[in-house]
Amino acid sequence: MSNPTRIALIGCGAIGSAMLELLQADAALEIQAIVVPADAFAAAQATAERLAPGAQVVSCVPPGGIDLVVEAAGHAAIEAHVLPALQRGTPCVVASVGALSAPGLAEKLEAAALAGGTQVQLIAGAIGAIDALAAARVGGLDEVRYIGRKPPQAWKGTPAEQGRDLASLARETVIFEGSAREAATLYPKNANVAATVSLAGLGLDRTLVRLIADPAVADNVHVVEARGAFGSFELTMRNKPLAANPKTSALTVYSAVRALRNRVAALAI
Ligand SMILES: NC(=O)C1=CN([C@@H]2O[C@H](COP(=O)(O)OP(=O)(O)OC[C@H]3O[C@@H](n4cnc5c(N)ncnc54)[C@H](O)[C@@H]3O)[C@@H](O)[C@H]2O)C=CC1
Ligand SMILES: O=C([O-])CC(=O)C(=O)O
(Lines give C-alpha, C1' and ligand atoms only; values in the text may rest on other atoms or scores of the structure.)
(Ligands and ions follow the chains in the order given, each with its own letter.)
Protein backbone atom coordinates (compact mmCIF):
# COMPACT_ATOMS: atom_id res chain seq x y z
CA MET A 1 0.00 0.00 0.00
CA SER A 2 1.24 3.52 -0.80
CA ASN A 3 1.89 6.05 1.95
CA PRO A 4 -1.16 7.83 3.34
CA THR A 5 -1.86 11.42 2.26
CA ARG A 6 -0.83 13.69 5.14
CA ILE A 7 -3.51 16.29 5.82
CA ALA A 8 -3.64 19.58 7.71
CA LEU A 9 -7.20 20.37 8.79
CA ILE A 10 -7.86 24.07 9.38
CA GLY A 11 -10.69 24.54 11.90
CA CYS A 12 -12.02 22.05 14.39
CA GLY A 13 -15.57 23.22 14.99
CA ALA A 14 -18.82 21.68 13.80
CA ILE A 15 -17.48 20.71 10.35
CA GLY A 16 -13.91 19.86 11.39
CA SER A 17 -14.93 17.57 14.27
CA ALA A 18 -17.53 15.75 12.17
CA MET A 19 -14.92 15.27 9.42
CA LEU A 20 -12.46 13.80 11.91
CA GLU A 21 -15.12 11.37 13.06
CA LEU A 22 -15.75 10.13 9.50
CA LEU A 23 -12.10 10.09 8.45
CA GLN A 24 -11.09 7.74 11.26
CA ALA A 25 -12.01 4.89 8.89
CA ASP A 26 -9.77 6.10 6.02
CA ALA A 27 -6.33 4.49 6.09
CA ALA A 28 -5.25 6.46 3.00
CA LEU A 29 -5.92 9.83 4.67
CA GLU A 30 -3.90 10.75 7.74
CA ILE A 31 -4.65 13.87 9.79
CA GLN A 32 -1.19 15.20 10.68
CA ALA A 33 -2.13 18.65 11.95
CA ILE A 34 -5.19 20.54 13.20
CA VAL A 35 -4.85 24.30 12.80
CA VAL A 36 -6.86 26.53 15.16
CA PRO A 37 -6.43 29.91 16.88
CA ALA A 38 -4.99 29.95 20.44
CA ASP A 39 -8.45 30.29 22.05
CA ALA A 40 -9.56 27.02 20.43
CA PHE A 41 -6.45 24.96 21.33
CA ALA A 42 -7.86 23.16 24.39
CA ALA A 43 -11.11 22.13 22.67
CA ALA A 44 -9.23 21.00 19.54
CA GLN A 45 -6.77 19.01 21.65
CA ALA A 46 -9.63 17.18 23.39
CA THR A 47 -11.24 16.42 20.00
CA ALA A 48 -7.90 15.28 18.56
CA GLU A 49 -7.25 12.94 21.49
CA ARG A 50 -10.59 11.28 20.81
CA LEU A 51 -10.71 11.24 17.01
CA ALA A 52 -7.20 11.83 15.61
CA PRO A 53 -4.64 10.89 18.27
CA GLY A 54 -1.74 11.15 15.79
CA ALA A 55 -2.48 14.79 14.94
CA GLN A 56 -0.68 17.78 16.42
CA VAL A 57 -2.75 20.86 17.28
CA VAL A 58 -0.97 23.94 15.94
CA SER A 59 -1.57 27.60 15.09
CA CYS A 60 -0.21 27.44 11.50
CA VAL A 61 0.01 24.81 8.78
CA PRO A 62 3.41 23.13 9.30
CA PRO A 63 5.76 24.17 6.46
CA GLY A 64 6.80 20.56 5.72
CA GLY A 65 5.29 17.07 5.85
CA ILE A 66 1.81 18.07 4.63
CA ASP A 67 0.46 16.79 1.29
CA LEU A 68 -2.98 18.40 1.41
CA VAL A 69 -4.71 21.20 3.32
CA VAL A 70 -8.44 21.26 3.99
CA GLU A 71 -10.09 24.43 5.30
CA ALA A 72 -13.27 24.32 7.43
CA ALA A 73 -12.66 27.36 9.61
CA GLY A 74 -14.11 30.60 8.22
CA HIS A 75 -13.32 33.40 5.80
CA ALA A 76 -10.27 34.72 7.69
CA ALA A 77 -8.50 31.36 7.38
CA ILE A 78 -8.18 31.70 3.59
CA GLU A 79 -5.81 34.65 3.71
CA ALA A 80 -4.05 33.41 6.87
CA HIS A 81 -3.46 29.75 6.01
CA VAL A 82 -4.63 28.76 2.52
CA LEU A 83 -2.69 31.39 0.55
CA PRO A 84 0.69 30.54 2.13
CA ALA A 85 0.09 26.80 1.73
CA LEU A 86 -0.69 27.24 -1.97
CA GLN A 87 2.40 29.39 -2.43
CA ARG A 88 4.47 26.55 -0.93
CA GLY A 89 2.91 24.16 -3.48
CA THR A 90 0.46 22.35 -1.18
CA PRO A 91 -2.97 21.72 -2.74
CA CYS A 92 -5.91 23.09 -0.73
CA VAL A 93 -9.57 22.13 -0.40
CA VAL A 94 -11.72 25.08 0.70
CA ALA A 95 -15.17 25.19 2.35
CA SER A 96 -15.35 28.94 3.07
CA VAL A 97 -16.07 29.77 -0.55
CA GLY A 98 -17.80 33.03 0.41
CA ALA A 99 -14.37 34.44 1.28
CA LEU A 100 -13.87 34.86 -2.47
CA SER A 101 -16.39 37.71 -2.36
CA ALA A 102 -13.63 39.93 -0.91
CA PRO A 103 -12.12 42.13 -3.65
CA GLY A 104 -9.03 40.52 -5.15
CA LEU A 105 -9.04 37.33 -3.07
CA ALA A 106 -10.00 34.99 -5.92
CA GLU A 107 -7.17 36.45 -8.01
CA LYS A 108 -4.74 36.10 -5.07
CA LEU A 109 -5.72 32.44 -4.65
CA GLU A 110 -5.17 31.77 -8.35
CA ALA A 111 -1.82 33.56 -8.31
CA ALA A 112 -0.68 31.64 -5.22
CA ALA A 113 -1.71 28.30 -6.75
CA LEU A 114 0.07 29.17 -10.01
CA ALA A 115 3.20 30.22 -8.13
CA GLY A 116 3.14 26.95 -6.15
CA GLY A 117 2.31 24.84 -9.22
CA THR A 118 -0.75 23.47 -7.44
CA GLN A 119 -4.54 23.88 -7.24
CA VAL A 120 -7.19 25.17 -4.87
CA GLN A 121 -10.45 23.22 -4.92
CA LEU A 122 -13.68 24.94 -3.86
CA ILE A 123 -16.08 22.29 -2.58
CA ALA A 124 -19.81 22.26 -3.38
CA GLY A 125 -20.48 22.10 0.37
CA ALA A 126 -24.14 22.37 1.35
CA ILE A 127 -25.40 22.76 -2.23
CA GLY A 128 -25.89 20.35 -5.13
CA ALA A 129 -25.91 20.65 -8.93
CA ILE A 130 -22.67 22.63 -9.02
CA ASP A 131 -21.46 20.22 -11.72
CA ALA A 132 -24.58 20.90 -13.84
CA LEU A 133 -24.40 24.65 -13.31
CA ALA A 134 -20.69 24.89 -14.14
CA ALA A 135 -21.26 22.77 -17.27
CA ALA A 136 -24.26 24.90 -18.27
CA ARG A 137 -22.05 28.00 -18.03
CA VAL A 138 -19.99 26.66 -20.93
CA GLY A 139 -23.04 26.99 -23.20
CA GLY A 140 -24.08 30.34 -21.68
CA LEU A 141 -26.40 31.19 -18.76
CA ASP A 142 -29.18 33.79 -18.80
CA GLU A 143 -30.34 33.81 -15.20
CA VAL A 144 -29.38 32.16 -11.90
CA ARG A 145 -31.31 32.68 -8.68
CA TYR A 146 -30.48 31.32 -5.25
CA ILE A 147 -32.82 31.30 -2.25
CA GLY A 148 -31.52 30.30 1.19
CA ARG A 149 -34.14 29.55 3.83
CA LYS A 150 -33.16 28.65 7.39
CA PRO A 151 -34.87 28.55 10.80
CA PRO A 152 -34.60 31.86 12.72
CA GLN A 153 -31.95 30.54 15.17
CA ALA A 154 -29.59 29.91 12.23
CA TRP A 155 -29.46 33.69 11.63
CA LYS A 156 -28.34 34.55 15.19
CA GLY A 157 -25.28 36.78 15.31
CA THR A 158 -25.88 38.11 11.77
CA PRO A 159 -27.26 41.40 10.36
CA ALA A 160 -30.66 39.62 10.21
CA GLU A 161 -31.03 40.54 13.90
CA GLN A 162 -31.05 44.25 13.14
CA GLY A 163 -34.53 45.68 13.71
CA ARG A 164 -36.17 42.35 14.50
CA ASP A 165 -36.36 39.74 17.24
CA LEU A 166 -35.59 36.47 15.45
CA ALA A 167 -36.95 34.34 18.31
CA SER A 168 -40.43 35.84 17.97
CA LEU A 169 -40.78 35.73 14.16
CA ALA A 170 -44.31 34.48 13.39
CA ARG A 171 -43.87 34.03 9.64
CA GLU A 172 -41.21 33.77 6.96
CA THR A 173 -39.22 36.99 6.65
CA VAL A 174 -36.92 38.02 3.81
CA ILE A 175 -33.78 39.24 5.55
CA PHE A 176 -31.69 39.94 2.46
CA GLU A 177 -32.15 40.48 -1.24
CA GLY A 178 -29.28 41.42 -3.52
CA SER A 179 -26.16 40.09 -5.19
CA ALA A 180 -24.23 36.99 -4.14
CA ARG A 181 -21.21 39.20 -3.46
CA GLU A 182 -23.15 41.28 -0.91
CA ALA A 183 -24.77 38.18 0.61
CA ALA A 184 -21.45 36.39 1.12
CA THR A 185 -19.88 39.51 2.61
CA LEU A 186 -22.76 40.25 5.02
CA TYR A 187 -23.43 36.61 5.96
CA PRO A 188 -20.00 34.90 5.98
CA LYS A 189 -21.27 31.88 7.94
CA ASN A 190 -24.58 31.52 6.09
CA ALA A 191 -24.05 32.47 2.45
CA ASN A 192 -21.04 30.46 1.30
CA VAL A 193 -23.47 28.56 -0.89
CA ALA A 194 -24.56 31.82 -2.57
CA ALA A 195 -20.92 32.40 -3.51
CA THR A 196 -20.45 28.81 -4.72
CA VAL A 197 -23.54 29.01 -6.94
CA SER A 198 -22.38 32.30 -8.39
CA LEU A 199 -18.77 31.24 -8.98
CA ALA A 200 -20.01 28.15 -10.83
CA GLY A 201 -22.59 30.17 -12.75
CA LEU A 202 -23.12 33.85 -13.53
CA GLY A 203 -20.59 35.38 -11.14
CA LEU A 204 -20.85 37.16 -7.80
CA ASP A 205 -22.50 40.31 -9.15
CA ARG A 206 -25.11 38.85 -11.51
CA THR A 207 -26.47 36.04 -9.30
CA LEU A 208 -29.71 37.04 -7.57
CA VAL A 209 -29.88 36.04 -3.91
CA ARG A 210 -32.70 36.03 -1.39
CA LEU A 211 -32.17 34.93 2.22
CA ILE A 212 -35.13 34.03 4.43
CA ALA A 213 -35.62 33.36 8.14
CA ASP A 214 -38.55 30.96 8.41
CA PRO A 215 -39.99 29.67 11.70
CA ALA A 216 -41.92 27.00 9.73
CA VAL A 217 -38.78 25.08 8.65
CA ALA A 218 -36.41 22.90 10.67
CA ASP A 219 -34.00 22.28 7.78
CA ASN A 220 -31.62 24.54 5.85
CA VAL A 221 -33.47 24.80 2.54
CA HIS A 222 -31.49 25.85 -0.52
CA VAL A 223 -33.14 26.53 -3.88
CA VAL A 224 -31.32 27.19 -7.15
CA GLU A 225 -33.08 28.13 -10.38
CA ALA A 226 -30.97 28.36 -13.51
CA ARG A 227 -31.80 29.12 -17.13
CA GLY A 228 -29.56 29.21 -20.20
CA ALA A 229 -28.64 27.64 -23.54
CA PHE A 230 -28.67 24.19 -21.90
CA GLY A 231 -32.33 24.53 -20.83
CA SER A 232 -33.25 25.09 -17.20
CA PHE A 233 -33.27 23.43 -13.79
CA GLU A 234 -34.77 23.97 -10.37
CA LEU A 235 -33.05 22.40 -7.37
CA THR A 236 -34.33 22.19 -3.81
CA MET A 237 -32.12 20.87 -1.02
CA ARG A 238 -33.59 20.26 2.45
CA ASN A 239 -30.45 19.88 4.50
CA LYS A 240 -30.26 18.72 8.10
CA PRO A 241 -28.29 21.21 10.17
CA LEU A 242 -25.43 19.99 12.36
CA ALA A 243 -26.34 19.82 16.05
CA ALA A 244 -23.08 21.61 16.87
CA ASN A 245 -23.90 24.57 14.57
CA PRO A 246 -27.42 25.25 13.25
CA LYS A 247 -26.00 27.56 10.56
CA THR A 248 -24.16 24.63 8.93
CA SER A 249 -25.67 21.71 7.02
CA ALA A 250 -24.38 18.17 7.60
CA LEU A 251 -23.96 17.84 3.82
CA THR A 252 -21.04 20.29 4.01
CA VAL A 253 -19.14 17.71 6.07
CA TYR A 254 -19.94 14.93 3.61
CA SER A 255 -18.91 17.16 0.69
CA ALA A 256 -15.52 17.88 2.31
CA VAL A 257 -14.94 14.20 3.12
CA ARG A 258 -15.89 13.28 -0.45
CA ALA A 259 -13.37 15.78 -1.78
CA LEU A 260 -10.60 14.23 0.34
CA ARG A 261 -11.55 10.66 -0.53
CA ASN A 262 -11.66 11.53 -4.25
CA ARG A 263 -8.07 12.75 -4.07
CA VAL A 264 -6.81 9.30 -3.12
CA ALA A 265 -9.41 7.06 -4.79
CA ALA A 266 -8.48 5.06 -7.88
CA LEU A 267 -11.96 5.80 -9.22
CA ALA A 268 -13.33 9.21 -8.28
CA ILE A 269 -16.97 10.32 -8.46
N1 LIG B 1 -19.44 25.79 1.54
C2 LIG B 1 -20.46 25.56 2.35
O3 LIG B 1 -21.50 25.02 1.94
C4 LIG B 1 -20.35 25.92 3.79
C5 LIG B 1 -19.21 26.51 4.27
N6 LIG B 1 -19.09 26.80 5.60
C7 LIG B 1 -17.85 27.44 6.06
O8 LIG B 1 -17.22 26.62 7.02
C9 LIG B 1 -16.86 27.42 8.14
C10 LIG B 1 -16.78 26.55 9.40
O11 LIG B 1 -18.07 26.10 9.73
P12 LIG B 1 -18.37 25.39 11.13
O13 LIG B 1 -17.43 24.27 11.36
O14 LIG B 1 -19.82 25.13 11.18
O15 LIG B 1 -18.00 26.59 12.15
P16 LIG B 1 -17.61 26.49 13.69
O17 LIG B 1 -17.76 27.88 14.21
O18 LIG B 1 -18.33 25.38 14.35
O19 LIG B 1 -16.04 26.12 13.67
C20 LIG B 1 -15.05 26.98 13.19
C21 LIG B 1 -13.69 26.42 13.60
O22 LIG B 1 -12.65 27.15 12.94
C23 LIG B 1 -11.74 27.70 13.90
N24 LIG B 1 -11.26 28.98 13.37
C25 LIG B 1 -11.90 30.17 13.33
N26 LIG B 1 -11.12 31.08 12.71
C27 LIG B 1 -9.99 30.44 12.34
C28 LIG B 1 -8.79 30.85 11.66
N29 LIG B 1 -8.62 32.09 11.22
N30 LIG B 1 -7.83 29.91 11.47
C31 LIG B 1 -7.98 28.63 11.91
N32 LIG B 1 -9.09 28.20 12.54
C33 LIG B 1 -10.07 29.10 12.76
C34 LIG B 1 -12.55 27.83 15.18
O35 LIG B 1 -11.71 27.86 16.30
C36 LIG B 1 -13.39 26.55 15.09
O37 LIG B 1 -12.59 25.43 15.50
C38 LIG B 1 -17.91 28.54 8.18
O39 LIG B 1 -17.45 29.69 8.85
C40 LIG B 1 -18.12 28.80 6.71
O41 LIG B 1 -17.18 29.76 6.23
C42 LIG B 1 -20.09 26.50 6.48
C43 LIG B 1 -21.26 25.93 6.04
C44 LIG B 1 -21.49 25.62 4.65
O1 LIG C 1 -24.62 24.91 5.56
C2 LIG C 1 -25.49 25.51 4.91
O3 LIG C 1 -26.68 25.16 4.84
C4 LIG C 1 -25.11 26.72 4.10
C5 LIG C 1 -24.29 27.69 4.78
O6 LIG C 1 -24.22 27.79 5.98
C7 LIG C 1 -23.55 28.61 3.92
O8 LIG C 1 -23.87 28.73 2.73
O9 LIG C 1 -22.62 29.26 4.44
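Student: Does N192 count as buried or exposed?

Tutor: In this predicted model, N192 has 31 C-beta neighbours inside 10 Å. A residue is buried if 20 or more other C-beta atoms, placed from the backbone, lie within 10 Å of its own, exposed if 12 or fewer, and partly exposed in between. Because of its 31 neighbours, N192 counts as buried.

Student: How should the numbering and the confidence of the model be read?

Tutor: Residues run from 1 along each chain as its sequence is written, with chains lettered from A and ligands numbered from 1 in the order written. Local features need pLDDT of at least 70, side-chain atom pairs pLDDT 80 or more, while totals for chains, interfaces and linings use all residues.

Student: In which helix is the place of N192?

Tutor: Helices (DSSP H or I, at least four residues) and strands (E, at least two) are numbered from the N terminus. N192 belongs to the helix formed by residues 192-200. That helix is α7.

Student: Which residues does N192 touch, not counting those up to four places away in sequence?

Tutor: Two residues are in contact if their C-beta atoms lie within 7 Å. With residues up to four places away in sequence set aside, N192 has contacts with G125 and A184. The other residues that N192 touches are S96, V97 and G98.

Student: How many residues of α7 are buried?

Tutor: Helix α7 is mostly covered. Its buried residues include N192, V193, A194 and A195, and T196, V197, S198, L199 and A200 are buried as well. Of the nine residues of α7, the number buried is nine.

Student: What covers the buried residues of α7?

Tutor: The cover includes strands β6, β7 (141-150), β9 (208-213) and β10 (220-228). Helices also contribute to the cover, among them α5 and α6 (180-186).

Student: Which residue besides N192 does the UniProt annotation "binding site" cover?

Tutor: The annotation comes from an unreviewed UniProt entry, and such annotations may be inferred rather than shown by experiment. The annotated residues are spread over 67 residues of sequence, yet they cluster in space, with a largest C-alpha distance of 8.7 Å. Besides N192, the residue covered is A126.

Student: Where does A126 lie, and does it count as buried or exposed?

Tutor: A126 is located in the loop that joins β6 (120-122) to α5 (130-139). Leaving aside neighbours within four places in sequence, the contacts of A126 are V193, N220, H222, N239, S249, L251 and T252. Because 25 C-beta neighbours fall inside 10 Å, A126 counts as buried.

Student: Which element gives the most to the shell around ligand 2?

Tutor: A residue belongs to a shell if its C-beta atom lies within 6 Å of the ligand. The residues around ligand 2 include both A126 and N192, together with K189, N190, A191, V193, N220, N239, K247, T248, S249 and T252. Two or more residues come from each of α7 and β13 (245-249). With three residues, the element that gives the most is β13.

Student: Which element gives the most to the shell around ligand 1?

Tutor: There are 33 residues around ligand 1, of which G11, G13, A40, S96 and G125 come nearest. The elements that supply two or more residues are α1 (14-23), α3 (76-87), α7 and β13. The element that gives the most, with four residues, is α3.
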